[in-house]
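Subject: Structure handover

Hello,

Here is the structure I promised to pass on. Please open it alongside this note.

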Amino acid sequence: MSMKTVKVVALIVVIALIGLGINKVVQHYQGGEIYEAANKAYGLLVKGFNVTVHIETVDGKNITGTLLSVRGSTITVVIKGTPMTVGGPEATKEEVKARLIRIEHHGKVYLYEVPPMEGIGEKVFSSLIPKGKVYSVRFSGKIYVEGNVSPITIGKLKYRADYLTYGSLTINQFSSRGAILTANMVPVQYLLNDLKDYRVFAYGILYVNSEERNMPLKIIEVRAG
């Protein structure tokens, strides 16, 4: 085997290894396969994956957004902070008519048990954000907020949780002494931003979409795409 051939073979092997090292999955659907695309995307979303949707519209535009929700054959994505609905090429009620849809996700979803944690919100919630590369970090569980928390603060938090990401926030109790909240897959960054100055008590489950286990908490489950 000549030296030139050896170099070519070595290059092919390196490229193959690089491809194996990137845990990324992209699936393509024609616009007419909107139901298949929606079902696949929703299945990933409920598992805790951060799902990116790439759309080529019928008029040739390219749009990329983060998956927010799926209802029937309608896919809703968030693009630069604005929710937009996506349908097939013959869509009449959706804002975007898709000719081609690509569903992309990375890594796995690691579920961790979050034991009772008490302290200032900034310290509590920042401790739930892993170091290293992660695609999303979500929290489900109870949050007790102490003090005269502003209804506007809680309202903004609920709006972001309910309408700008896959998740929800239920206000179980609210008074001048504090609030009791139930989070369902709410991004931890939202909790950190809005509750950082309040004393909180929280426990539940953490959903981390990443390439590897990167939290010192007890692991409950690992989900593949």
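Below is what I found, starting with confidence and ending with a single serine.

Confidence. This is a predicted model. The mean pLDDT of the protein chain is 87. A value of 70 or more is reached by 88% of the residues. The weak stretch is residues 1-22, where pLDDT stays under 50. For that stretch the model has one contact beyond four places in sequence. Where pLDDT is low, predicted coordinates should not be read in detail.

Cores. The largest nonpolar core has 32 residues. Phe125, Phe139, Ile143, Leu195 and Leu206 touch the most other members. Several elements give two or more residues to this core, among them strand E7 (108-120), helix H3 (121-126), strand E10 (178-187) and strand E11 (199-210). Helix H5 (188-195) gives the most, with five residues. Ile143 is a good place to start looking. Beyond its neighbours within four places in sequence, Ile143 contacts Phe125, Ala179, Ile180, Leu181, Ala183, Leu191, Leu195, Phe201 and Ala202. A separate core of 27 residues lies apart from this one. Its members include Leu44, Val53, Val77 and Val109.

Helix H4. This helix covers residues 151-163 and also gives two or more residues to the largest core. Its 13 residues should span 18 Å at 1.5 Å a residue, and its end C-alpha atoms are 18 Å apart, which agrees. Which residues of H4 are buried? They are Thr153, Ile154, Leu157 and Ala161. Seen down the axis of H4, they fall within an arc of 95°, so they line one face of the helix. That fits the general pattern: an α-helix has 3.6 residues a turn, so residues three or four places apart point the same way. The cover over the buried residues of H4 includes strand E9 (168-175), E10 and H5. On the face turned away from the buried side, H4 carries the exposed residues Pro151 and Ile152. Ser150 caps the N-terminal end of H4. One of its side-chain oxygens lies 3.1 Å from the backbone nitrogen of Ile152.

Ser140. This residue lies in strand E8 (residues 134-146). Is Ser140 buried or exposed? Its relative accessible area is 11%, so Ser140 counts as buried, the cut-off being under 20%. A polar atom of the Ser140 side chain lies 2.8 Å from the backbone nitrogen of Met185. Not counting residues up to four places away in sequence, Ser140 touches Ala183, Asn184, Met185, Tyr203, Gly204, Ile205 and Tyr207.

Best wishes

How values were computed: Residues numbered from 1 in each chain as written. Predicted model: local features only at pLDDT ≥ 70, side-chain atom pairs only at ≥ 80, totals over all residues. Heavy atoms only, no water. Helix = DSSP H or I, 4+ residues; strand = E, 2+ residues; numbered from the N terminus. Buried < 20%, exposed > 50% of the residue type's maximum accessible area, 1.4 Å probe, protein only. Polar contact = N/O pair within 3.5 Å; in protein donor to acceptor, adjacent residues only side chain to side chain. Contact = heavy atoms within 4.5 Å. pLDDT = per-residue confidence, 0-100. Core = buried A, V, L, I, M, F, W, Y, C linked by side-chain atoms within 4.5 Å. Expected span 1.5 Å × (residues − 1). Arc of directions from axis to C-beta.
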